Amino acid sequence: MSYTADPGMGIGHVHLKVSDLDRSIAFYRDVIGLEVQQRYGPGAAFMSAGGYHHHLGLNTWESRGGMRPPRGTTGLYHVAFLYPTRVALAMAVAQVAAAGVPLVGAADHGVSEAVYLEDPDGNGIELYWDRPQAEWPRDAAGNLEMGNAPLDMAGLLALAA
């Protein structure tokens with residue numbers, strides 16, 4: 001018998017191993033805009049938006065001074081930060097640009113618009129917003145048809161002006 005998760009289930013927080021806690025806190029605070037909710041001793045911190053206990057955990061318990069994982073290995077592809085509106089995404093992307101952090105990709109997936117970057121340890125980050133479900137592309141049978149079209153970056157960033 002197959003089990004199907006409750007449709008109200010969501011993915012909570014992500015917890016990353018990092019090599020330098022203070023550097024990672026500064027990145028997620030100054031570039032992504034999260035706030036430190038708690039430092040947990042010298043090796044961990046919990047960060048969030050809006051005062052939530054934590055959307056992101058950072059620790060150096062097993063990784064202090066560690067190296068970026070090499071390409072071609074398994075692990076987390078990226079953590080995705082969902083913004084409530086296209087304008088909120090635009091403001092976040094403008095902040096990334098102002099901080100001088102390079103983007104490694106951008107796409108219009110039909111269901112969402114997304115930009116991709118990396119944190120100082122090489123962890124992938126997706127910043128995105130979802131279009132309303134009624135606008136998601138579907139084939140004639142009603143199956144979802146996500147894509148990977150170029151993102152209108154100029155149009156997105158114009159919303160942040």
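Which residue forms a salt bridge with D108? Hi everyone, let's start there. The partner is R131, and the closest N and O atoms of the two are 2.8 Å apart. Please keep in mind that we are looking at a predicted model.

This pair links distant parts of the chain, 23 residues apart. D108 belongs to strand β6, residues 105-108, while R131 lies in the loop between β8 (124-130) and α3 (153-158). Are they buried or exposed? Both D108 and R131 are buried. They also have company: salt bridges with shared partners join R86, D108, E113 and R131 into one network.

Now for the wider view. Searching the whole structure turns up eight salt bridges, and I'd like to show you two others.

One of them brings together the side chains of R39 and D22, at 3.1 Å from N to O. Here, too, distant parts of the chain are linked: R39 sits in strand β2 (residues 35-40) and D22 in helix α1 (residues 21-30), 17 residues apart. R39 is partly exposed, because its relative accessible area is 42%, and the partly exposed class runs between 20% and 50%.

The other is between E118 and R68, whose side chains meet at 3.2 Å, N to O. These two are 50 residues apart, with E118 in strand β7 (residues 112-118) and R68 in the loop between β4 (56-59) and β5 (79-83). How exposed are they? E118 counts as partly exposed at 21% relative accessibility, and R68 is partly exposed as well, with a relative accessible area of 44%.

That's my tour; thanks for listening!

Notes
Residues are numbered from 1 along each chain as its sequence is written. This is a predicted model: local features need pLDDT of at least 70, side-chain atom pairs count only at pLDDT 80 or more; totals for chains, interfaces and linings use all residues. Side-chain values use heavy atoms; hydrogens and water are left out. A salt bridge is a side-chain nitrogen of Lys or Arg within 4 Å of a carboxyl oxygen of Asp or Glu. Helices (H or I, at least four residues) and strands (E, at least two) are DSSP runs, numbered from the N terminus. Buried means under 20% relative accessible area, exposed over 50%, partly exposed in between (1.4 Å probe, protein chains only).
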